[in-house]
Amino acid sequence: MAKILDRLLLFVYSLSIGVISVFAILRMSDLVPSLGDYMDQSTLQLTVIIVAAVLFLLSIRFFYISIRRERVHVPSIDQRTEYGDIQISVETIENLCLKAASRVRGAKDLKARIRVTEAGLEIMIRAVVEGDVSIPAMTTDIQKQVHDYLQETTGIPVSNVAVYIANVAQSTAIKSRVE
């Protein structure tokens, strides 16, 4: 919500500065008559003070936003052991999944997605299969490899390993004909 409000304020601020700049350029070029011709002096002075105060407050807000540090929350899985706390990033878990899945013959172009649930990790592996591999056998191997490797390596329970076969890759080896 704060980011939307800041964007709206930045839009209003930019629009205000733009209008004031255009008006100042036109006024200095004598293309627009003075505002004193339309308002009495006290109303004009009060209007200028209010506009200047609002723009100053917006400037302070944007200055604060520009120098503050963002608190970036890196998603991680937290575990408590008898020796202390352990945090493993989701990116690390993804890389471990890819490492385990890449050991299976016939799997290419692997991608992993991790979801943390109460029951454990839910892992989604996306793969492209080489054309000469049994898909059911290969997907079972991927599931077993990823499940066992992750539980052994991290100690985090894995509740589900889903494998999505995105495509079948054509064999790059071209058989030559002998005549």
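## Exercises on a predicted model

With a relative accessibility of 52%, Asp 109 counts as exposed. Please keep in mind that the model you are exploring is predicted.

**Exercise 1. Find where Asp 109 lies, and describe its phi.**

Step 1. Locate the residue: Asp 109 belongs to strand 3, which covers residues 107–116.

Step 2. Look at its backbone: phi of Asp 109 is positive, near 45°, and the residue is not a glycine.

Step 3. Set this against the general rule: most residues other than glycine have a negative phi.

Step 4. Check the accessibility: exposed means over 50%, and Asp 109 has 52%.

**Exercise 2. Where is Asp 30, and is it buried or exposed?**

Step 1. Place the residue: Asp 30 sits in the loop that runs between helix 1 and helix 2 (41–67).

Step 2. Read its backbone angle: Asp 30 follows helix 1 and has a positive phi, near 60°.

Step 3. Decide on the label: Asp 30 has a relative accessible area of 60%, so it is exposed.

**Exercise 3. Is Leu 110 buried or exposed, and which residues does it touch?**

Step 1. Find the strand: Leu 110 lies in strand 3.

Step 2. Apply the cut-off: buried means under 20% relative accessible area. Leu 110 has 18% relative accessibility, so it counts as buried.

Step 3. List its contacts: leaving aside residues up to four places away in sequence, Leu 110 touches Leu 98, Ala 101, Ser 102, Ile 125, Arg 126 and Ala 127.

Step 4. Turn to a pair: from C-alpha to C-alpha, Leu 110 and Val 129 are 9.6 Å apart in space, with their positions 19 residues apart in sequence.

**Exercise 4. Work out whether Asp 6 is buried or exposed, and which residues it touches.**

Step 1. Find the helix: Asp 6 is in helix 1, whose 27 residues are numbers 2–28.

Step 2. Check the helix span: from first C-alpha to last, helix 1 reaches 38 Å, close to the 39 Å expected at 1.5 Å a residue.

Step 3. Choose the label: Asp 6 is at 11% relative accessibility and so counts as buried.

Step 4. Name the contacts: not counting residues up to four places away in sequence, Asp 6 touches Arg 61, Phe 62 and Ile 65.

**Exercise 5. How far apart are Val 51 and Glu 118, in sequence and in space?**

Step 1. Start with Val 51, which lies in helix 2. Its relative accessible area is 37%, so Val 51 is partly exposed.

Step 2. Compare the two distances: Val 51 and Glu 118 are 67 residues apart in sequence, and their C-alpha atoms are 54 Å apart.

**Exercise 6. Now step back: describe the order of helices and strands, and how spread out the chain is.**

Step 1. Count the elements: there are four helices and five strands.

Step 2. Read them in sequence order, and you get α-α-β-β-α-β-β-α-β.

Step 3. Judge the spread: the radius of gyration is 31 Å, well over the 16 Å that the globule rule gives for 179 residues, so the chain is more spread out than a compact globule.

Step 4. Add the dimensions: the C-alpha trace spans about 95 × 65 × 20 Å along its principal axes.

Step 5. Finish with burial and charge: buried residues account for 21% of the 179 residues. There are 19 positive and 19 negative side chains, and the centres of these two sets lie 3 Å apart.

Methods:
Residues are numbered from 1 along each chain as its sequence is written. This is a predicted model: local features need pLDDT of at least 70, side-chain atom pairs count only at pLDDT 80 or more; totals for chains, interfaces and linings use all residues. Side-chain values use heavy atoms; hydrogens and water are left out. Helices (H or I, at least four residues) and strands (E, at least two) are DSSP runs, numbered from the N terminus. The radius of gyration is taken over C-alpha atoms; the globule rule is 2.2 Å times the number of residues to the power 0.38. Buried means under 20% relative accessible area, exposed over 50%, partly exposed in between (1.4 Å probe, protein chains only). Lys and Arg count as positive and Asp and Glu as negative; His and the chain ends are not counted. The place of a charge is taken as NZ of Lys, CZ of Arg, CG of Asp or CD of Glu. The expected span of a helix is 1.5 Å times one less than its number of residues. Contact means heavy atoms within 4.5 Å.
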